[in-house]
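Reader: I should like to go through the terms applied to this model and see what supports each of them. Please set each value against its definition.

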Amino acid sequence: MLFQCVLLSLLVSVFTTIVPSQQTPTFCHDLDCPTFTTVQSFKDYDLRKYETLKWVATNVTTMEYTDDINREMFYRLFYYISGNNSAAMKIPMTAPVLRTVIHGQGPTCEATFITHFMIPHNMQTNTPTPTDPKAYLVTMPGKNVYVKSFPGRPSDQDNVQKVEELAQEIGNSNLYLDNYYFTANYDGPYAIHRHNEVWLESTK
């Protein structure tokens, strides 16, 4: 079952076209962002291939992901790039702010939330380590992900709805991993025109 606490899967058909590659997207706003290739473009979503990259991350396991928790996790990583690292250096901001949501088992529906900042491409080796013990470096293997993009300033429930829609549009639960999903936000807090994404990892 996909996200047993909140989601229901429906099967629909989609029309597809093949897109061989993707240039650096404008929604990265001249910040470093993950390099990807658009493998296939569907009516309402894309299938992308991402390369292996290093990120700085922090996580929490909780039944309720509040704004205060979200803010605390963001600033833990922001302080890392501001100088709270082994080199005491400032590190350029990257995009997106990526969050992984891993649903736990059982009736309590406790979930693990992991917030990531991508390490800039020119710092992927010899990366300074965080001085905060709750922040850590992680290498995320390359992967194929189904991506649905949308505007606005989404709440957690909005993201869940978009994940539901993406699952429905894919139409085959054997094509994606169903125990977690990603959200990706590319804009600062004061941006008016915003680009948001939800991702489901492909099984292929």
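Author: A cavity is a set of grid points where a 1.4 Å probe fits but cannot get out, and lining residues have an atom within 4 Å of a point. The model discussed here is predicted.

Reader: What makes a residue part of the lining of the largest cavity, and which residues are they?

Author: The criterion is an atom within 4 Å of a cavity point. The residues lining the largest cavity are Pro 34, Tyr 50, Glu 51, Leu 53, Trp 55, Met 140, Pro 141, Lys 143 and Trp 199. The space in this cavity is about 80 Å³, and a search of the whole structure finds one cavity of 30 Å³ or more.

Reader: How is that lining divided by class?

Author: Seven lining residues are nonpolar, two are charged and none is polar. Tyr and Trp count as nonpolar under the scheme used, whereas Glu and Lys count as charged.

Reader: What distinguishes a pocket from a cavity, and what is the volume of the largest pocket?

Author: A pocket is an open set of points, whereas from a cavity the probe cannot get out. The largest pocket has a volume of about 980 Å³. Its lining comprises 30 residues, and those closest to its centre are Asn 70, Phe 74, Asn 185, Asp 187 and Arg 194. Helix H1 (67–82), strand S5 (97–103), helix H2 (156–170) and strand S9 (180–185) each give two or more residues to this lining. H1 supplies the largest share, six residues. By class, the pocket lining has 12 nonpolar, 11 polar and seven charged residues.

Reader: Why is Ala 111 called buried?

Author: Buried means under 20% relative accessible area. Ala 111 has 3% relative accessibility and therefore counts as buried. This residue is found in strand S6 (residues 111–118). Leaving aside residues up to four places away in sequence, Ala 111 touches Val 60, Thr 61, Thr 62, Ile 102, His 103 and Gly 104. Ala 111 and Val 101, 10 residues apart in sequence, lie 6.8 Å apart from C-alpha to C-alpha.

Reader: How do you know that Cys 28 and Cys 33 are joined by a disulfide?

Author: The rule asks for cysteine sulfur atoms within 2.5 Å. Between Cys 28 and Cys 33 the S to S distance is 2.0 Å, so the pair meets the rule. The count by this rule is one disulfide. The link of Cys 28 and Cys 33 is right-handed, with 95 degrees about the S-S bond. Both Cys 28 and Cys 33 are buried.

Technical notes:
Residues numbered from 1 in each chain as written. Predicted model: local features only at pLDDT ≥ 70, side-chain atom pairs only at ≥ 80, totals over all residues. Heavy atoms only, no water. 1 Å grid on protein atoms, 1.4 Å probe; cavity = no way out; pocket = protein on both sides within 12 Å on 5 of 7 lines; lining within 4 Å. Points joined across faces, edges and corners; volume = space filled by probe spheres on them. Helix = DSSP H or I, 4+ residues; strand = E, 2+ residues; numbered from the N terminus. Buried < 20%, exposed > 50% of the residue type's maximum accessible area, 1.4 Å probe, protein only. Contact = heavy atoms within 4.5 Å.
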